[in-house]
Amino acid sequence: MYAKFFKRFFDFCLSLLALIILSPVMLVLMLIGAIVMKGNPFFTQLRPGKDEKIFKLIKFRTMTNQRDSDGKLLPDEKRLVPYGKWLRSTSLDELPELINILKGELAIVGPRPQLVRDMVFMTPEQRKRHSVRPGLTGLAQCNGRNAMTWEKKFAYDLEYIKKITFLGDVKIILQTVVKVFQRDGITEEGMATAADLGDYLLSEGVVDRAEYDAKQAEAKELIGV
């Protein structure tokens, strides 16, 4: 009953209230971001939503667009500025996603929306996570965020969608707040950002180079690149 009729109503009301209350903070971050990033403080990226419908996720930019002499983007660790690291550690880079919640593309609680290039590497069972709206936070996030294996993340996602309750969502939100203040599990150990699913599977020998390249081509086709 809650998941089908009331969850979306609560998401809309709470995200609208949060946007109103946090608008001064977001304005300050927009101004600082525009200065530090020398331009647009926002970052948008295509992600698979409910029923694998692609939407634009909105975040505050944490990395510059620095490129090498060949015009290719520099590695993440070189483009991730100190201000961006701070935004990620405090999860303030996620605030613009409140707009995605208002639009009905995200929920407050649900499986985190992964990259399209991650989705194509998921098994049919793992892709069942897309049967519900993705969330600003989820069961995986309050149990380790990015500092866990992909298999564990998906296990938590599938566990969540089996039983969505109001009290369960409240518990996840409260646990997420604790995680944010603790600032742990933000990235994988020794990495600036978490490894893509395809890269992980390739390194583990689960997929070979031919399958990896084919999946990457499929992802590019889905996002129109």
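Select Arg112 and Glu94 to begin: both are buried, where buried stands for under 20% relative accessible area, exposed for over 50% and partly exposed for what lies in between, with a 1.4 Å probe and protein chains only. The two residues form a salt bridge whose closest N and O atoms are 3.2 Å apart, the term being used for a side-chain nitrogen of Lys or Arg within 4 Å of a carboxyl oxygen of Asp or Glu. Because Arg112 lies in the loop between β3 (107-109) and α5 (116-119), and Glu94 in the loop between α3 (82-90) and α4 (97-102), the pair ties together parts that are 18 residues apart in sequence. Helices (H or I, at least four residues) and strands (E, at least two) are DSSP runs, numbered from the N terminus.

The model is a predicted one, in which local features need pLDDT of at least 70 and side-chain atom pairs count only at pLDDT 80 or more, while totals for chains, interfaces and linings use all residues. Residues are numbered from 1 along each chain as its sequence is written, and side-chain values use heavy atoms, with hydrogens and water left out.

**Other salt bridges**

Next, select Glu125 and Lys128, whose side chains meet in a salt bridge at 2.9 Å, N to O. Glu125 is partly exposed, with a relative accessible area of 42%, and Lys128 is likewise partly exposed, at 45%. Then add Lys59, Asp93 and Glu97 to the opening pair, since salt bridges that share partners join Lys59, Asp93, Glu94, Glu97 and Arg112 into one network.

A further stop is the salt bridge between the side chains of Asp51 and Lys50, at 3.3 Å from N to O. Here Asp51 is exposed, with a relative accessible area of 57%, whereas Lys50 is partly exposed, with 37%. The structure holds 12 salt bridges.

**Leu95**

Returning to the loop between α3 and α4, select Leu95, which has its place there. Leu95 is buried, with a relative accessible area of 13%. Leaving aside neighbours within four places in sequence, show the residues with which Leu95 is in contact, namely Leu22, Val25, Met26, Leu29 and Phe60; contact means heavy atoms within 4.5 Å. For a distance across the model, draw a line from Leu95 to Glu204: the two are 109 residues apart in sequence and 34 Å apart in space, C-alpha to C-alpha.

**Arg61**

Move on to Arg61, in the loop between β2 (54-60) and α2 (76-79). With a relative accessibility of 15%, Arg61 counts as buried. A polar atom of the Arg61 side chain lies 3.1 Å from the backbone oxygen of Phe42. Displaying the surroundings of Arg61, apart from neighbours within four places in sequence, brings up contacts with Met37, Asn40, Pro41, Phe42, Phe43 and Leu87.

**Arg79**

Following the chain into helix α2, select Arg79, a buried residue with a relative accessible area of 8%. Not counting residues up to four places away in sequence, Arg79 touches Thr62, Met63, Thr64, Gln66, Leu73 and Leu74. Arg67 is a further residue to label, as Arg79 and Arg67 are 12 residues apart in sequence and 9.0 Å apart in space, C-alpha to C-alpha.

**Two cysteines**

Select Cys13 and Cys142 to compare their exposure: Cys13 is partly exposed, with a relative accessible area of 32%, while Cys142 counts as buried at 7% relative accessibility. A disulfide is taken to be a pair of cysteine sulfur atoms within 2.5 Å, and by this rule the count comes to zero disulfides.

**The whole chain**

Finally, clear the selection and colour by secondary structure: the protein chain has nine helices and four strands, which follow one another along the sequence in the pattern α-β-β-α-α-α-β-α-β-α-α-α-α. The C-alpha atoms fill a box of roughly 50 × 45 × 35 Å, taken along the principal axes. The radius of gyration of the protein chain is 18 Å, in agreement with the value near 17 Å that a compact globule of 225 residues would have; the radius is taken over C-alpha atoms, and the globule rule is 2.2 Å times the number of residues to the power 0.38.

Of the 225 residues in the protein chain, 43% are buried. Among contacts with a separation of 6 or more, 69% are accounted for by residues 24 or more positions apart. With the surface switched on, the accessible area of the protein chain comes to about 12,600 Å², of which 61% belongs to carbon and sulfur atoms; accessible areas come from the Shrake-Rupley method with a 1.4 Å probe, and for residues only the protein chains shown count as cover.

Technical notes. Polar contact = N/O pair within 3.5 Å; in protein donor to acceptor, adjacent residues only side chain to side chain.
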